[in-house]
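Visitor: I should like to learn how to read the features of a structural model. May we go through one together, feature by feature?

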Amino acid sequence: QLSIAECLRWKPESEKDNVMVQGYVRSVRGMKTHRFVSLGDGSSLASLQAVVPVDTNQAEGLAIGAAVRLTGKWVPSPGASQSHEMQVTRVEILGPSDAKTFPIQKKYQTPEYLRTIPHLRPRTPINAALLKMRSAAVAALTRFYADNDFTQTHPPILTSSDCEGAGEVFTVAPASNVGELTSEEGQSKMFFRNKKYLTVSTQLHLEALAQSVGNVWTLSPVFRAEKSDTARHLSEFYMLEAEMNFAHDLNEVMDLAEESLRNMCTTMYETHQVQEFLNRDSRVGSDLVNSEEVRKRWEGMMSKDWPRITYTHAIEILKEHAEKLEHTPVWGEGLTSEHEKFLAEHVGKGQPIFVTDYPREIKAFYMREGQSNPEIPAPGPTVECFDLLVPDLCEIAGGSMREHRLGPLLEAMKRHDIVAGDFHSSMDGNAPKDAKAGPLDWYVDLRRWGCAPHGGFGIGFDRLLCYLSGVQTIRDMVSFPRWFGRCDC
Ligand code: 4AD
Ligand code: MG
């Protein structure tokens, strides 16, 4: 028994008997004496062409969508479109299908339509190929981090804090508690005693784990209640996060982000899954960026020495080109997606770029104050952080050195209006009754006993895959996408 991809790659000069394949009927053309069946099993964008004599047992069950097993000969094909075809001697219908009502007929289906049937959408060749690519990416990254002695960890999904402080958390409550979330009395009866959230980033917990084993990483689902109705935002997505304990500076953290992505791409590039994707016929799924463009993205990712510029430098560059931009950049404000796109295209020139050292006031509380690259002095306080930008999708990763010193961390929390509790109060059973507890006391605690300099990053895994596959919206990259207003099936 062969997968369809294996079968299609196999080109013997003469007939081979007793070949067995199984998969789903993608189309059937009926002739008087024979049926021509295309079969797919998700292993290849291409279909296997099978010729079935109409009098074969069960041949009448060959309907689009049916799950079948075919046995027969693998023979050189007289047709022009394929080198070989299967001459079928035995048909087994493993799961019948009603051809008339099957929602994925053999014709171009718009992405909007396919999004209405997320449970069937994976059966289209492109969506199957995306699942394979995702799996290969996870395997490559797992190998990379293991080879570099990073410990893979499983940080929690339910948390008591909002890591990014952006107020985009989903609150969690058992069904019986939902009505009580608002009143104080209700909250005291709550399952976890007070409000808990789905995590927006596992970083804070990773920092705790890094203090035990050094370098850690995870690929975890994270959740954001962002009302951003864009091609880049989901409410539930996967983030690859790594934390390096004893990291000296931001360059070391960027080196890791760069090396892991380059390694992942080089490992995957020559594989059948990626090559088939890059060589695909542009008619297959016109909702994808053309394959030449996608090939350039892979080459950029596999290149060495990605440009690194500071935010302050980036603002200078943007100001020089202000006439081409809708919004004039202002030091101290966040970069708009227009700014990010401009930088990715004009500075990156096909390579991903790191923008570092953003103003302190627009970044998260945990980032270490300072300037990793002092070449151009910044006009205000900055933090040692980076955003990794690529054309079209803009930010695919963000990271920083973490504030590892107790005093500066408490000051930063104050500036961000984050309640910092009294010493060790949240977990200390002997703490005085009136001791103030903050949801991040445990995080502050990490600074009390042996906290080394450290840093890390988070890669938006679905955005990354979007970029590398040429899928135009992240909603089509994820099998069961959740975004503002939508969480179906
Ligand atoms: O830049 P972010 O918010 O960084 C963090 O959460 C850090 N705590 C990570 C860390 O240092 N460990 O998110 C990281 C990445 C972004 O660069 C972006 O690619 C992706 O996550 N991302 C999203 N992807 C899809 N949908 C959304 N709503 C996203 N929000 C962020
Ligand atoms: Mg970010």
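**Reading the model**

Guide: Let us begin with a single pair of residues: K16 has W74 as its bridge partner, and W74 lies in β4. Please keep in mind throughout that this is a predicted model.

Visitor: How many bridges join strand β1 to β4, and in which sense do they run, parallel or antiparallel?

Guide: The general idea comes first. Strands of a sheet pair through backbone hydrogen bonds, in either a parallel or an antiparallel sense. In this case β1 (residues 16-30) and β4 run antiparallel and are joined by 7 bridges. β1 also pairs with strand β2 (residues 34-40), in the antiparallel sense and over 6 bridges. Within that pairing, G30 has R35 of β2 as its bridge partner. β1 and β2 form a hairpin, with 3 residues between them.

Visitor: In what order do the strands of the open sheet lie, and which are the edge strands?

Guide: An edge strand is recognised by its pairing on one side only. The open sheet has 3 strands in the order β7-β9-β8, with antiparallel pairing. Its edge strands are β7 (158-159) and β8 (171-172). Between β8 and strand β9 (residues 196-198) there are 2 bridges, again antiparallel. One pair to locate there is T171 with its bridge partner Y197 in β9.

Visitor: How is the chain divided into domains, and where do their bounds fall?

Guide: A domain need not be one continuous stretch of sequence, as the second one shows: domain 1 covers 4-107, while domain 2 is made up of 123-157 + 199-404 + 452-487. The centres of the two domains, taken over C-alpha atoms, are 41 Å apart. Their contact involves 7 residues of domain 1 and 9 residues of domain 2. On the side of domain 1 that touches domain 2, there are 4 nonpolar residues, 3 polar and no charged.

Visitor: Which residues come nearest to ligand 1, and what classes make up the shell around it?

Guide: A shell may be read by its nearest members, by its composition and by the elements that supply it. There are 23 residues around ligand 1, and those that come nearest are S201, Q203, G398, G458 and G460. By class, the shell comprises 8 nonpolar, 8 polar and 7 charged residues. At least two residues each are supplied by β11 (236-245), β15 (394-401), β16 (454-460) and α13 (461-469). The largest share, 5 residues, comes from β15.

Visitor: Why does N57 count as exposed, and why does L406 count as partly exposed?

Guide: One counts C-beta neighbours inside 10 Å; a residue with 12 or fewer is exposed, and one with 20 or more is buried. N57 counts as exposed because it has 11 such neighbours. N57 lies in the loop between β3 (48-53) and β4 (67-76). L406 has 14 neighbours and therefore counts as partly exposed. L406 belongs to helix α11 (residues 406-415). Leaving aside neighbours within four places in sequence, L406 is in contact with R447 and R448.

Visitor: How far apart in space are N57 and T89, and how far apart are L406 and Q87?

Guide: Separation in sequence and separation in space should be read side by side. N57 and T89 are 32 residues apart in sequence and 8.8 Å apart from C-alpha to C-alpha. For L406 and Q87, the figures are 319 residues and 73 Å.

Visitor: What confidence does the predictor give?

Guide: The mean pLDDT of the chain is 92, and 93% of its residues reach 70 or more. For the complex, the predictor gives an ipTM of 0.99 and a pTM of 0.94.

Conventions:
Residues are numbered from 1 along each chain as its sequence is written. Chains are lettered from A and ligands numbered from 1 in the order in which they are written. This is a predicted model: local features need pLDDT of at least 70, side-chain atom pairs count only at pLDDT 80 or more; totals for chains, interfaces and linings use all residues. Domain bounds come from an automatic or database domain assignment. Two residues are in contact if their C-beta atoms, placed from the backbone, lie within 7 Å. Ala, Val, Leu, Ile, Met, Phe, Trp, Tyr, Cys and Pro count as nonpolar, Asp, Glu, Lys and Arg as charged, and the others, Gly among them, as polar. Helices (H or I, at least four residues) and strands (E, at least two) are DSSP runs, numbered from the N terminus. pLDDT is the predictor's confidence in each residue, from 0 to 100. Two strands pair if DSSP finds at least two bridges between them. A residue is near a molecule or strand if its C-beta atom, placed from the backbone, lies within 6 Å of it.
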